[in-house]
Amino acid sequence: MPNLLSKFKDLCTSNVILPDSNEITISKLNVNFQTKLHNHFTNISEDTENVDNVFILEYIKFINKYIIELHSERTFTYRDKLFLLDFWKKDVESSDEPSNVLEDLKCIDKLNEMKLKLQSSNIQLIIQFKQPTLEEENKILTFLLEDNDNEKTDMDVVFFDIFRFLRAIHIDKHEYLIDNISIQELHKLFLLFDVQTLREIAKTLAETLEKVTTLRLLEADYASFY
Amino acid sequence: MISYNDVLEVSKLYKHKQYDKVFSYITERLPSKNIIDFLKKCKAEKFIETNDCIKLDISKKELIIYKDDFLKNLPLDKEDIYHIDNYKITIGYPNIDSILPASCIKKLQYKDILLNINPTNYNDIPLSLVKKCMPYIQTYLDKLNDMYVYYVNDKYNSRFLYNKYIIINIIYLCFVQQHDSLIQQQLLLMKQYNFTYQDFNHISMNSVNAYVKIINLKLNKEDA
């Protein structure tokens with residue numbers, strides 16, 4: 001009997017080379033992962049306001065935490081996460097389709113070079129972008145999810161999905177580095193942005209990351225491994 | 001057996017909206033091989049005598065559900081062996097304590113090595129294998145979802161869906177009573193008829209109801 005269990009353990013272990021974090025030994029997804037995910041979701045009441053948004057934010061946080069815990073001493077990036085999600089998805093579906101994922105993920109590099117100039121209420125804005133780490137993403141998610149008074153509207157998802165990619169904001173020649181701002185302040189800043197400006201930033205991000213659109217959707221699809 | 005004290009406890013938990021505890025309390029009291037076995041045990045505990053029924057208030061009317069109308073189309077328990085990749089996989093109805101499809105996998109055989117799957121070892125099964133089992137697992141889930149919690153007629157029925165909330169609702173229908181009335185009844189029997197609290201661990205709800213009926217008859221005669 002233990003032979004078969006160790007066979008499964010062997011089957012579930014794999015060495016992969018991550019795009020930003022080198023080679024790593026990881027577990028393929030197994031029932032243990034699904035059980036943890038199930039237990040994580042069990043604590044969310046279906047009566048919660050905007051429960052779908054809560055599920056999305058909680059799922060992204062869960063996946064980030066799961067990846068971080070694979071190797072706590074490493075700093076995993078957004079690109080590493082998308083690579084792992086693709087790897088796990090293909091494994092679960094036993095897909096032999098040839099993959100261009102490493103090539104496609106190179107589009108994330110463009111974020112560091114981009115500068116988006118915007119005019120908002122007579123103020124000139126220049127937005128600079130970056131690739132977030134999973135720890136940075138989870139700081140934003142923790143802030144959003146721990147605020148029990150907040151009903152987790154679509155705007156919270158928008159805040160997460162845009163502001164995790166921001167490196168700096170130049171407002172009328174003053175540079176504000178996002179790393180120097182607390183998440184609370186960042187959220188207050190987000191609330192000052194008009195919809196048109198947010199739309200422009202979201203459009204720029206979507207165009208830049210177009211090649212990984214499917215993976216970006218997978219990132220928030222809480223039913224994909226359930 | 002679900003005792004009077006069990007009903008008392010589970011009714012208290014339900015009253016305080018501790019639904020997960022209601023679920024775990026009853027599943028611990030009724031150890032079961034799988035969900036079919038569990039539902040059969042719930043039904044057997046609830047419907048002991050011919051006239052036993054569940055009463056529901058629906059649209060200001062009382063709906064009475066008898067044994068034959070409760071858990072209608074409950075499938076017969078069965079397991080089948082399927083050949084998937086190089087494994088012989090035994091699939092059956094899911095366990096009561098796991099809502100995950102993987103709990104439909106009961107045994108795995110690779111060459112001459114057989115592994116009985118249980119909640120302590122099924123965590124290592126790769127999701128890729130579970131995914132390959134899904135078409136077969138789905139046939140069991142479909143049969144479960146073909147069931148009714150109750151079916152009185154075309155107008156008054158409630159379909160079953162394989163999820164924890166529906167199972168908690170079935171537990172509610174079978175075992176939850178008015179908590180305050182249960183305590184009053186228990187106190188009366190302890191005060192007037194020398195029952196101890198422990199006695200109620202060994203007496204069913206039906207037995208207590210029978211005692212109370214006799215007591216009431218006796219009291220009515222005395223009054224007359």
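**Helix packing, domain contact and a small sheet in a predicted model**

In this predicted model, helix 4 (residues 78–92) of chain A packs against helix 11 (residues 213–220) of chain A at an angle of about 80 degrees, and their axes lie 10 Å apart. Angles of 65 to 115 degrees count as roughly perpendicular, and helix 4 and helix 11 of chain A are therefore roughly perpendicular to each other. On the side of helix 4 of chain A, the residues that meet helix 11 are A:Leu82, A:Leu85, A:Asp86 and A:Lys89; helix 11 of chain A contributes A:Leu215, A:Leu218 and A:Glu219. By class, this contact holds four nonpolar and three charged residues, with no polar ones.

Chain A is divided into domain 1 (2–105 + 214–220) and domain 2 (107–212). The centres of these two domains of chain A, taken over C-alpha atoms, are separated by 24 Å. Where they touch, 24 residues of domain 1 of chain A are in contact with 22 residues of domain 2 of chain A. On the domain 1 side, helix 3 (51–68), helix 4 and helix 11 of chain A are the elements that give two or more residues. Helix 3 of chain A supplies the largest share, eleven residues. The residues on this side of domain 1 of chain A comprise eleven nonpolar, five polar and eight charged.

Chain B offers a sheet to examine. Three of its strands form an open antiparallel sheet in the order 3-8-9. Strand 3 (70–72) and strand 9 (157–159) of chain B each have a single partner strand, so one side of each is left without a neighbour in the sheet. From one strand to the next, the twist averages 45 degrees. Strand 3 of chain B is joined by two bridges to the antiparallel strand 8 (residues 148–151) of chain B, and B:Lys72 stands opposite B:Tyr148 in strand 8 of chain B.

How values were computed:
Residues are numbered from 1 along each chain as its sequence is written. Chains are lettered from A and ligands numbered from 1 in the order in which they are written. This is a predicted model: local features need pLDDT of at least 70, side-chain atom pairs count only at pLDDT 80 or more; totals for chains, interfaces and linings use all residues. Axes are lines fitted to C-alpha atoms, for helices over the stretch in contact, and angles run from 0 to 180 degrees between N-to-C directions. Helices (H or I, at least four residues) and strands (E, at least two) are DSSP runs, numbered from the N terminus. Angles under 35 degrees count as roughly parallel, over 145 as roughly antiparallel, 65 to 115 as roughly perpendicular and the rest as oblique. Two residues are in contact if their C-beta atoms, placed from the backbone, lie within 7 Å. Ala, Val, Leu, Ile, Met, Phe, Trp, Tyr, Cys and Pro count as nonpolar, Asp, Glu, Lys and Arg as charged, and the others, Gly among them, as polar. Two strands pair if DSSP finds at least two bridges between them. Domain bounds come from an automatic or database domain assignment.
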